Structure formats: C-alpha cells, structure tokens
Amino acid sequence: AVVSTQSTGEDQGNSIAADFVKLVSNDEHEFILKRSHALTSGTIKAMLSYPTNFKNKEMSKVQFREIPSHVLCKVCMYFAYKNRYTNSTSEIPEFPIEPEIALELLMAANFLDC
C-alpha cells in the first residue's frame, strides 16, 4: 500500500479534505470516505499516523496494490457499518457477505486489521 496526499486546490474544500481519505484499489477505483471510518482499520490508522511534510488541508490517499475494487468497496461498507453500530443499543443487523468474495474479503480484512 502507498500513502500520499492530494491538494484539493480550492480553499472551500481544504477544510473538508482533512476529514476524508481516498482509498484506491488495484484496478484504480477510488473510494472517498470519512477519515474516522477508515481508521477502523489498524493498518490504515498506522499508515496515516506517520508524520508527513504535508499540510492538514490535503486529502490523504492510500493505494492498495493487492485489493481489487469489488473487495475494497465491501471493506468501505464494513467501515460504515462498524461505525454505525459500535456502542449501539439497537439490534445489530447481520453484515451481508457474498460467498463469492468471502475468501478475498477475509484476506483483505486480515491485512487491514479490521
């Protein structure tokens, strides 16, 4: 995985950019999600915690050379699910996983520590 930052280039978007992270799959699909959701992953959290010379107003980008888009999409859905139901007092619905991607998803979850 590769971490970098991208400037939004606009003052209006700069304050928002630091609150989001861009995850890029091995087939170049980009997923922009809340930084707090992405930090569900211990791996992403560690990668984003390294000090950089970039300003906070730039969006972080993490490229995964081994994770295809159909798996990374499901991972992003899980981050939102986990964020929504952590410490919830309501009944927690089952997180749906298609059998066809179960093995790839397990491997990605293991790598991402989530």
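Which residues is Lys74 in contact with, leaving aside its neighbours within four places in sequence? I opened the notebook with this point and worked outward from it.

**Entry 1: Lys74**

I note at the outset that the model is predicted. I located Lys74 in helix α4, which spans residues 69-85. With its neighbours within four places in sequence left aside, I listed Phe95, Pro96, Ile97, Glu98, Ile101 and Leu105 as the contacts of Lys74. I then looked up how the side chain is placed. Lys74 has a relative accessibility of 5%, and because buried means under 20%, Lys74 counts as buried. Its side chain reaches the backbone oxygen of Pro96 at a distance of 2.8 Å.

**Entry 2: the chain as a whole**

I next recorded the order of elements. The chain holds 5 helices and 4 strands, and from the N terminus on I read them as β-α-β-β-α-α-β-α-α. The chain has 114 residues, of which 35% count as buried. I also looked up the sequence separation of the contacts. Among the contacts in the chain with a separation of 6 or more, 70% come from residues 24 or more positions apart.

**Entry 3: helix α5**

Leu105, listed above as a contact of Lys74, belongs to a set I examined in α5. In this helix, Leu105, Ala108 and Leu112 are buried. The three cover an arc of only 65 degrees around the axis, so they lie on the same side of α5. On the other side of α5, I found Leu103, Leu106, Met107 and Asn110 exposed. I then asked what covers the buried residues of α5. The cover includes α3 and α4. Just after the helix, I noted that Asp113 takes a positive phi of about 55 degrees.

**Entry 4: Ser41 and helix α3**

I turned to Ser41, which sits in the loop between α2 (35-38) and α3. Is Ser41 buried or exposed? Its relative accessible area is 0%, and Ser41 is therefore buried. I recorded two distances from its side chain to the backbone of α3. A side-chain oxygen of Ser41 lies 3.3 Å from the backbone nitrogen of Thr43, and Ser41 thereby caps the N-terminal end of α3. A polar atom of the Ser41 side chain also lies 3.0 Å from the backbone nitrogen of Ile44. Leaving aside neighbours within four places in sequence, I found Ser41 in contact with Phe79, Leu112, Asp113 and Cys114. Among these contacts is Leu112, which I had already entered as buried in α5.

I then went through helix α3 (residues 42-49), where Thr43, Ile44, Met47 and Leu48 are buried. They cover an arc of only 125 degrees around the axis, which puts them on the same side of α3.

**Entry 5: the second largest pocket**

My last entry concerns a pocket. The second largest pocket has a volume of about 190 Å³. It is lined by 11 residues, and I noted Glu66, Ile67, Met107, Ala108 and Phe111 as the closest to its centre. Which helix gives the most to this lining? Helix α5 (residues 102-112) does, with 4 residues. I sorted the lining by class and obtained 8 nonpolar and 3 charged residues, with no polar ones. Two of the names near the centre return from Entry 3: Ala108 is buried in α5, whereas Met107 is exposed on the other side of that helix.

How values were computed
Residues numbered from 1 in each chain as written. Predicted model: local features only at pLDDT ≥ 70, side-chain atom pairs only at ≥ 80, totals over all residues. Heavy atoms only, no water. 1 Å grid on protein atoms, 1.4 Å probe; cavity = no way out; pocket = protein on both sides within 12 Å on 5 of 7 lines; lining within 4 Å. Points joined across faces, edges and corners; volume = space filled by probe spheres on them. Nonpolar A, V, L, I, M, F, W, Y, C, P; charged D, E, K, R; others polar. Buried < 20%, exposed > 50% of the residue type's maximum accessible area, 1.4 Å probe, protein only. Arc of directions from axis to C-beta. Polar contact = N/O pair within 3.5 Å; in protein donor to acceptor, adjacent residues only side chain to side chain. Contact = heavy atoms within 4.5 Å.
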